[in-house]
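Student: I'm new to this one and would like a tour of it. Can we go through it piece by piece?

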Amino acid sequence: MADTTETTPGWLAPDELEQTRARMPILYVDAVPVRVDECGEVTHVGLLLRIGPDGTVSRALVSGRVLHHERVRDALLRHLEKDLGPVALPRVPASPQPFTVAEYFPTHGVTPFHDPRQHAVSLAYIVPVAGDCRPRQDALDLVWFSPQEASSPLMQQEMPGGQGVLLKQALAHVGCLS
């Protein structure tokens, strides 16, 4: 990945990124991968299993930065492929609309969303995937849960930074929560 960051326009060097994060909000995309039945109803939600820098194991949504001069749709597809693999077959519309906007702050309690590194604004999407998902990069696994399992208090505790709240908002948006 180091070669990519040095040769791809839009990437910032680590020190540049740290300086930018300290001065301005950074744009992100969050994606909730779902499986849908023939009627378009959500049957399963895919959650990544990750190990954090401190060694803690957690569940997570697909998430990442939007690069300079990158369309949001392209960023969404890039992060879905990075986390779910090249044959996940995500169905992202030509003009995707987020189901919500999440604002992450380095200070706890401003919103339900927290990122100790930065102030980030994330456009959140629900993305049906039809292919074979094989996690890549820093994800250990992808596990499919029913909407009821995914919204359980136990699962919410396994999702840091408020991503559990974002997941529940996604499930409510598609009518999976009453």
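Student: To start us off, where is the place of Arg65?

Tutor: Before that, some ground rules: this is a predicted model, where local features need pLDDT of at least 70 and side-chain atom pairs count only at pLDDT 80 or more, while totals for chains, interfaces and linings use all residues. Residues are numbered from 1 along each chain as its sequence is written, and side-chain values use heavy atoms, with hydrogens and water left out. Helices (H or I, at least four residues) and strands (E, at least two) are DSSP runs, numbered from the N terminus. By that numbering, Arg65 belongs to residues 62-65, which is strand β4.

Student: Which side chain of opposite charge is nearest to Arg65?

Tutor: Lys and Arg count as positive and Asp and Glu as negative, with His and the chain ends not counted. A salt bridge needs a side-chain nitrogen of Lys or Arg within 4 Å of a carboxyl oxygen of Asp or Glu. Arg65 is buried yet has no salt bridge; buried means under 20% relative accessible area, exposed over 50%, and partly exposed in between (1.4 Å probe, protein chains only). The nearest opposite charge is 8.9 Å away, and it sits on Glu70.

Student: With which residue does Glu70 form a salt bridge?

Tutor: In general, side chains of opposite charge can pair when their charged atoms come close. Glu70 counts as buried because its relative accessibility is 18%, and its partner counts as partly exposed at 26%. The closest N and O atoms of the pair are 2.8 Å apart, and the partner is Arg78.

Student: How many residues apart in sequence are the parts that Arg50 and Asp83 tie together?

Tutor: Arg50 forms a salt bridge with Asp83, the closest N and O atoms being 2.8 Å apart. Arg50 lies in strand β2 and Asp83 in helix α3, so the parts tied together are separated in sequence by 33 residues.

Student: And which parts does the salt bridge between Glu158 and Arg59 tie together?

Tutor: The closest N and O atoms of Glu158 and Arg59 are 3.1 Å apart. Glu158 is partly exposed at 29% relative accessible area, whereas Arg59 counts as buried at 13%. The parts are 99 residues apart in sequence: the loop between α5 (153-157) and α6 for Glu158, and for Arg59 strand β3 (residues 57-60).

Student: How many salt bridges does a search of the whole structure find?

Tutor: We've met a few pairs already, and there is also a network of salt bridges linking Arg50, Lys82 and Asp83. Over the whole structure, the search comes up with seven.

Student: What about disulfides: how many does the count come to?

Tutor: A disulfide is a pair of cysteine sulfur atoms within 2.5 Å. The sulfur of Cys133 is 17 Å from the closest cysteine sulfur, in Cys176, which is too far for a bond. The sulfur of Cys176 is 13 Å from its closest one, in Cys39, again too far. By that rule the count is zero.

Student: How many residues does the largest nonpolar core have?

Tutor: A nonpolar core is a set of buried Ala, Val, Leu, Ile, Met, Phe, Trp, Tyr and Cys residues joined through side-chain atoms within 4.5 Å. Among the residues with the most contacts inside the largest one are Val32, Leu47 and Leu166. β1 (26-36), β2 (42-51), β5 (100-104), β6 (120-128) and α6 (163-173) each supply at least two of its residues. The size of this core is 22 residues.

Student: Phi of His69 has a positive value; what is it near?

Tutor: Most residues other than glycine have a negative phi. His69 is in the loop between β4 and α3 (72-84), and His69 is exposed, with a relative accessible area of 79%. Its phi is near 70°.

Student: Last one: what radius of gyration does the protein have?

Tutor: The radius of gyration is taken over C-alpha atoms, and the globule rule is 2.2 Å times the number of residues to the power 0.38. The protein has six helices and seven strands, and its C-alpha atoms fill a box of roughly 45 × 35 × 30 Å along the principal axes. For 178 residues, a compact globule would come out near 16 Å, and this agrees with the protein's value of 16 Å.
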